[in-house]
Amino acid sequence: MLEIKKKKTHCGKVFVEFRSEELLVLSPTASGTMCEILDEKKKKKDEKEKGGTNASQKKKSHKRDNASEENPEDFVDPETPIGERKRLSSQMAKQYSPAAVEKSWYAWWEKSDLFKADAKSSKPPFAIVLPPPNVTGVLHIGHALTVAIEDTLIRWKRMSGYNALWVPGLDHAGIATQTVVEKKLALKKLTRQDLTREEFLNEVWKWKDENACTILTQLRRLGASLDWSRECFTMDEQTSKAVTETFVRLFEEGLIYRDIRLVHWDCHLKTAVSDDEVEYMDIKEKTLLNVPGYEKPVEFGLLTSFAYPLEGGLGEEVVVATTRVETMLGDTAIAIHPDDARYKHLHGKFAVHPFNGRRLPIICDGTLVDPDFGTGCVKITPAHDPNDCELGKRHNLEFINIFTDDGKINTNGGPDFTGMPRFAAREALVEALKKQGLYRGAENKEMRLGLCQRTSDVIEPVIKPQWYLNCSMMAKEALNVAESKKLEFIPKQYTAEWTRWLENIRDWCISRQLVWGHRIPAWYASLEEDERREVGAYNDHWIVARNEEEARKEAAEKFGGKNKFELRQDEDVLDTWFSSGIFPLSVLGWPDETDDFKAFYPTSLIETGHDILFFWVARMVMMGIKLSGGEVPFNKVYLHPMIRDAHGRKMSKSRGNVIDPIEVIEGATLDALHKRLEKGNLDKKELEMAKKGQENDFPDGISECGVDALRFALVSYTAQSEKINLDILRVVGYRQWCNKLWNAVRFALIRLGDGYAPTMVLSPETMPFSCQWILSELNKTISKTVESLDAFDLSEAANTVYAWWQYQFCDVFIEAIKPYFANAPLAASERAHAQDALWVSLETGLRLLHPFMPFVTEELWQRLPSPKDCERKASIMICDYPSPIENWTNEKVEKEMETVLATVKCLRALRAALLEKQKNERLPAFALCENNVTSEIVKSHELEIRTLANLSSLEVLLKGEHAAPAGSAVETVNENLKVYLKVDRAMNAEAEQEKIRNKIAELEKQKNKLQKMMSASGYQDKVPAHIKEDNATKLAKILQEFDFFDKENWKPTNGGA
């Protein structure tokens, strides 16, 4: 349905405004009656006042007549059945609409298999795997940056003759997905424990199948040219097979082992997490923090002192201090320094635990204890502190775990505290110590608090049996490939971080106490004669195998001479990063020797955020080298910046500054942004703060920008290596630029005409000057763009293409060739040359831009006329990427155009300074040249200067033969050229004199500075030759310009210069 509104124009005409979802056009009323009445009235009035109508009125009337014949439906794209090539409107819409342009193209690209790579192709391979987004979420602006970068690279390589493969995938996200499904169960008053393992897994798979399509749809919306025929999921059959094979091989090599160690335990998730998943907060003093599962904030940053009474009841005590009072329930010793004279008499004695009566030996340890710190006595909790754990091993102490998996005090903590949450027990213990007279006070204490990266829960060190991967040898191999340049980092600065991390690597805890994930392929054999019946009691009873049948066979061989055994598979699953670590292998079919694996492994590049360099990239490199016989899984690592808001703040839901790429693409009102926040899980205070943040940043909401503008903005930001301060107004600017491209092509199609058939071979030397120039500049742009892409400097590449389109094609070339299409055109051959140069520039420029802006370039390219005697490719994305053409380059033309454009710039500046009104009025101008060479250049390009500077005439004068024109304003172009603009009114002579005096003063200043520098001691010996040459050239130009002013004794007369 079209919504019709009346709209009054500046000339009094009433137009009808047709509004639909994708188009806005203005057209006179269909009948023309209203127009005719108003026209007639205006005509009579003009005839009465002027006695007739002028040419301008006739021209406007002619345009209105043409407009009245327009059919609005001609500007609207017809509906295109899904998957078919887009059906374009017969007339280009008068304005660019992202929604209209981006419609239908992707479905056609995908259905036409334009993204599909061929494992049998003879083309050189270029392969990337998409960092698999978590199946739980939706794409955020960081994902959009990844897509913008990787799709730019893959489209460029595909157009450059490579067998380009971009593999899509989703990560099962073990912790995140299980948490989401458990929350869903909670709405039904169910917990995971209420279901069997199989029932819970069915719930997770069901949720995955319902929600995974959201991300895949968003990837398509962003224009990602992924090979969907190779789509994978980290829990699918092929990946699961690869994960199992990896575990078995590494176990057989002795790299994977099981051990009882202190782990980072997340009580909220009830699982161990790796070292890299722990973030540390520095606390200076007493601080209240919100902890998951606690209604009120918890105190941290306090050092609490209390006394342990000595055995024997003699009233003697030792005072210890801790920031974690609750862990005293697991204390098994008190340590002192062996040389501390204060406690010599306590060697071999015992203290008594006040709440459970446990005897605590007083032991000597010179490694852990600093006698000058505090009281010199240290409480030892081997099961809950890394340092105490090591001491406990040295002294063969008892390890007592006092926590349940969800962070409550277990029965080892004593009946008074059993069942209390750990931080509630902290408060209760302080009170209990006070009651027994053992509390000795608390003071502020600086400390580092470990928090889980995923949940912000306070990490609890807990002794647990876990599976580990020995990384030391693999880390050395990963270091070697970086040192030998087999692996390169972009930007290079991350090489140092790579080295630092790998040199200090620890063994990786790879097991997680979850249900959702790759179940560990290890079975525990319980033998009839075993005294201890719990699973894992005997470490040598574990059997690692590819399946239960293989495990049973191996167990029978291992325990063949013994009685019957029972096998039970380990309940734990592998860390999600374990399957991600072999992603480049598994997506290509490993461990099988598939065609894809042979054709595309190793891949070419991995691109991701620098925040997961160690989580993911390092593990891919270590495991890839180990499993593939020494091959690095990719030879380049491209690390993109982190996106912040326009103020440089980290994006967070509570601030309200998180940007959804779909909202930027489609636009969103402030109310819609607020509603998105309300659907989240922010509390009332956070919601109010977030809404206020949105009101400050987006008072009018977010404008519709489209995919192309968003992608181009993100790529252009990549020059910032650490972080991107994303300003939505910059994206809006690129959306407006898309409109400029659109109008440039509309202009071109009108000038080319319906019958134009492009030629594929050009002879630039026979073309007009402006045509030679645009081809030469285009050639230079192609070279620079390809050079930047080869160096993975995408920002520079994007800016180079932008600069050519904006400042050379649109601002100069389109304007310069307008005389060739005027009503009284120049020679027909020049018009034909201008058409050829126009078409070639457009077609080549669109191919150059396509990897950055796929949708608008496809649509505009499809509208261009096809060359004669040449079969056209179906899509721009499978055309050849531009490469330089030798005979297009013309440095002489480029140099002369520099003079032309500098001249035009000065004339425009004069016009802007002198004409307050009627700034488009054509004025006569003069060019005074220092020599014949400059004079010839200006004369030969008089047409271009007149056209671009909007002059009525341009007279070229030669110094010494012509006087300075009177009554004109002057501007210096360079040392060889001055321009004058004739204005039909009195000039301000004093102002013109002042301008020249200022110019001479500036030249004097520059001359003195250079002469002082060049006469300095040691200048001739120490300054490099090329700098001396540059300075000499600068000084010669300044002296020449002085000569230009002084020789003719330049003084303004009659208002002239």
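Here is a chat between a trainee and a mentor about this predicted model.

Trainee: Let's start with the big picture: how many helices and strands are there in the protein?
Mentor: Both kinds of element are present, so let's give each its count. The tally is 32 helices and 36 strands.

Trainee: What percentage of the residues is buried?
Mentor: A residue counts as buried when its relative accessible area is under 20%. The protein has 1057 residues, and the buried share of them is 51%.

Trainee: Among contacts between residues at least 6 apart in sequence, what share joins residues at least 24 apart?
Mentor: Gly609 gives us a feel for such pairings: Gly609 and His640 are 31 residues apart in sequence, and their C-alpha atoms are 4.9 Å apart in space. For the protein, the share of those contacts that joins residues at least 24 apart is 74%.

Trainee: Staying with Gly609, is that residue buried or exposed?
Mentor: Gly609 belongs to strand β29, residues 605–609. Beyond residues up to four places away in sequence, Gly609 touches Leu639, His640 and Met642. Its relative accessible area is 5%, and the cut-off is under 20%, so Gly609 is buried.

Trainee: Which side chain makes a polar contact with the side chain of Arg324?
Mentor: Arg324 sits in the loop between β14 (317–322) and β15 (333–336), and Arg324 is buried at 18% relative accessible area. A polar atom of its side chain lies 3.0 Å from the backbone oxygen of His384, but that is a backbone partner. The side-chain partner, at 2.5 Å, is Glu460.

Trainee: Arg426 is in contact with Arg324 too, so which residue forms a salt bridge with Arg426?
Mentor: Arg426 lies in helix α10 (residues 422–435), and its partner is in the loop between β14 and β15, so the pair ties together parts that are 100 residues apart in sequence. Arg426 is buried, with a relative accessible area of 11%, and the partner is buried as well, at 0%. The closest N and O atoms are 2.8 Å apart, and the partner is Glu326.

Trainee: How many salt bridges does the structure hold?
Mentor: Some are linked into a network, such as the one with Asp77, Lys86, Glu859 and Arg863. Over the structure, the count of salt bridges is 63.

Trainee: Why are Glu548 and Arg552 separated by about one helical turn?
Mentor: Their side chains meet in a salt bridge, 3.2 Å from N to O. Glu548 is partly exposed at 40% relative accessibility, and Arg552 is partly exposed at 38%. The separation is about one helical turn because, in helix α13 (residues 548–558), Glu548 and Arg552 are four residues apart.

Trainee: In the salt bridge of Lys780 and Glu777, is Glu777 buried or exposed?
Mentor: Lys780 and Glu777 are three residues apart in helix α23 (residues 769–790), and their side chains meet at 3.6 Å, N to O. Lys780 is partly exposed, at 42% relative accessibility. The relative accessible area of Glu777 is 8%, so Glu777 is buried.

Trainee: On to rings: how many residues apart in sequence are the parts tied together by Trp205 and Trp516?
Mentor: The structure holds 37 aromatic pairs. Trp205 and Trp516 form an edge-to-face one, with 5.2 Å between centres and 80 degrees between planes. Trp205 lies in helix α7 (residues 197–221) and Trp516 in the loop between β24 (511–512) and β25 (522–527), so the sequence separation is 311 residues.

Trainee: Of that pair, which Trp counts as buried?
Mentor: Trp205 has a relative accessible area of 30%, so Trp205 is partly exposed. At 0% relative accessibility, the buried one is Trp516.

Trainee: Are the rings of Tyr257 and Tyr468 stacked or edge-to-face?
Mentor: Tyr257 lies in strand β8 (residues 256–266) and Tyr468 in strand β21 (residues 460–469), and both are buried. Their ring centres are 5.8 Å apart and the planes are at 20 degrees; planes under 30 degrees apart make a pair stacked.

Trainee: Which ring does the charged end of Lys464 sit over?
Mentor: A charge over a ring also turns up where Lys157 lies over the face of Tyr162, 4.3 Å from the ring centre. For Lys464, the distance to the ring centre is 4.6 Å, and the ring is that of Trp265.

Key
Residues numbered from 1 in each chain as written. Predicted model: local features only at pLDDT ≥ 70, side-chain atom pairs only at ≥ 80, totals over all residues. Heavy atoms only, no water. Helix = DSSP H or I, 4+ residues; strand = E, 2+ residues; numbered from the N terminus. Buried < 20%, exposed > 50% of the residue type's maximum accessible area, 1.4 Å probe, protein only. Contact = heavy atoms within 4.5 Å. Polar contact = N/O pair within 3.5 Å; in protein donor to acceptor, adjacent residues only side chain to side chain. Phe/Tyr/Trp six-rings, centres within 6.5 Å; stacked < 30°, edge-to-face > 60°. Lys NZ or Arg CZ within 6 Å of the ring centre and 35° of its normal. Salt bridge = Lys/Arg side-chain N within 4 Å of Asp/Glu carboxyl O.
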